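This report covers a predicted model. It looks at side-chain pairs and at the meeting of two domains.

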Amino acid sequence: MNQPIALFSLVAYLGIAFAGVASAGKNLGEAARRDYDESLGALFEYFHRNPELSFREVETAARLAEELRKAGAEVTTGVGGTGVVGMIRNGGGATVLVRADMDGLPIREQSGLAYASTRSQTGPDGSEIPVMHACGHDVHMTSLVGTAKRLIANRDHWSGTVMLVGQPAEERIGGAKAMLADGLYERFGVPDHALGLHIIASGPTGRISISDGSTAASADSIDLVVHGVVSHGAAPQNGKDAVYVAAQIVVALQSLVSRELNPLEAGVITVGSIHGGRKHNVLADEVKLEITVRADTEAVRQTLLSGIRRIARGVALTHGVAESALPTVEVVESTPPNENDPATVAIVKRAIARELGEDAFFQLKRDSMGAEDFAYFVETEDDVPGAYFAVGGTPQAVLDAAAEGGPPAPFHHSPFFKIEPLESVVTSVRAMSAAVMELLPTK
Ligand SMILES: [Zn+2]
Ligand SMILES: [Zn+2]
């Protein structure tokens, strides 16, 4: 071994050792708890009391912007509608994006919490729509502010740029796309890593679930319209029955999942809505199907999307629908599948293990093909390596009682949804701040 290499190795070794010592010396937990007592607890309650619907997060975005500005970030509002971007520029180095979603849901809250929402917003038809933070996006925004505070307080320990993103309309899988279309990466730079978290009601507080590979499915919302020809219901030979053709399409679509996918690769097709026809004795001239399609890989997604077009067309032709009146298939909303980058996951895991302990991890059992438009931040043409993780939101004792036959912890999108905010916010702030600092070089 020659001398320079030995010296380099020693420096590298000390560098790692110092990074560990520096991190341990940051007291993220103690400081995050103090922040919670001083301001984050009240901020969480403000967000919870005042939810707003997707793309209408006007007051929410204003408050988030104000809090990020107070924390010391350079804030831009109105990115992709109501989106907020807070930049922390702290010398040379990489850029890490941290995303929090901002929207509530059209649900009337029945949680019984002292700070429950009583808010509503006016719908397009003038009706009052009750709104609730029933997915935990209030925790995400509060944690984003907490993370900004901790990163700025520890700015001597890291170097680089942090892009804090308050994203609209996650529940409509449209906000991330809107921010990118409004030039997020052109205006603020392409990040080297993108991080996101979601509170999860089925996970224990104080703990984290993070894994390589798929964390959320793709979602495509499809409007499929079957066209027929009206005639008397007693003389079907004179028309073309759109109800009959649509019914055949609904059944045939399931063959895509059961007969065309590798049985070890997941996919879902759900026809969630079907409307058509006028009356008992009139053949329908139009039936509209609303379909959601889920997949974990782009290949499966494309098999399902192209298969839906083929089956709709093929079934219609089989039943004699004219070439000029074949069904129309339109994708109206979509998000790609979200894949965690293994190298980024390894770094984030190391940081979380150091901050929260090796036993902080739990394995979240994935039991649905839920989607997340965080995927847009990573699945761009720039291909940003990302890590998206879950933070437990329900005390272990409540989960244990539920497992023993007690009342189940209310799940996301329930009017009874409630998470334990203090531990959820503190754990999120600790995990996210530690992850960002681990991804950026030490000063
Ligand atoms: Zn949700
Ligand atoms: Zn959510």
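## Pairs and domain contact

Over the whole structure, a search finds 21 salt bridges. One of them joins the side chains of Arg366 and Asp296, at 2.8 Å from N to O. This pair links distant parts of the chain, 70 residues apart. Arg366 is in the loop between helix H9 (342-356) and helix H10 (375-378). Asp296 is in the loop between strand E12 (286-295) and helix H8 (298-318).

Now the domains. The protein chain is divided in two: domain 1 covers 11-214 + 337-439, and domain 2 covers 218-335. Their C-alpha centres lie 38 Å apart. Domain 1 brings 13 residues to the contact, and domain 2 brings 14 residues.

The size of an interface is often given as the accessible area lost when the parts come together. Here the area buried between domain 1 and domain 2 is about 1100 Å². Carbon and sulfur atoms give 54% of that area. Which three residues supply more than any other three of the area that domain 1 buries against domain 2? They are Ile173, Pro337 and Met369, which supply 60%.

The polar side of the contact can be counted too. Between domain 1 and domain 2 there is one salt bridge. Three residue pairs are in polar contact between the two domains, with both residues at pLDDT 80 or more. The side of domain 1 that touches domain 2 has residues of three kinds: six nonpolar, two polar and five charged.

Aromatic rings come next. A search of the whole structure finds four aromatic pairs. One is Phe44 with Tyr115: the ring centres are 5.7 Å apart and the planes stand at 80°, so the pair is edge-to-face. Phe44 belongs to helix H2 (residues 28-49), while Tyr115 is in the loop between strand E3 (95-101) and strand E4 (120-122). These two residues are 71 residues apart, so the pair links distant parts of the chain.

The table sets out distances for three residue pairs.

| Pair | Distance in space |
|---|---|
| Arg366 and Asp296 | 2.8 Å, N to O |
| Phe44 and Tyr115 | 5.7 Å, ring centres |
| Ala94 and Val145 | 21 Å, C-alpha to C-alpha |

Where is Ala94 placed? Ala94 is in the loop between strand E2 (83-90) and E3. Beyond residues up to four places away in sequence, Ala94 touches Gly160, Thr161, Asp192 and Leu440. In sequence, Ala94 and Val145 are 51 residues apart.

Definitions and conventions: Residues are numbered from 1 along each chain as its sequence is written. Chains are lettered from A and ligands numbered from 1 in the order in which they are written. Side-chain values use heavy atoms; hydrogens and water are left out. Domain bounds come from an automatic or database domain assignment. Contact means heavy atoms within 4.5 Å. Buried area is the accessible area (1.4 Å probe) that two parts lose on being put together, summed over both. A salt bridge is a side-chain nitrogen of Lys or Arg within 4 Å of a carboxyl oxygen of Asp or Glu. A polar contact is a pair of N or O atoms within 3.5 Å; within protein, one must be able to donate a hydrogen and the other to accept it, and residues adjacent in sequence count only if both atoms are side-chain atoms. Ala, Val, Leu, Ile, Met, Phe, Trp, Tyr, Cys and Pro count as nonpolar, Asp, Glu, Lys and Arg as charged, and the others, Gly among them, as polar. Rings of Phe, Tyr and Trp (its six-membered ring) pair if their centres lie within 6.5 Å; planes under 30 degrees apart count as stacked, over 60 as edge-to-face and the rest as tilted. Helices (H or I, at least four residues) and strands (E, at least two) are DSSP runs, numbered from the N terminus.
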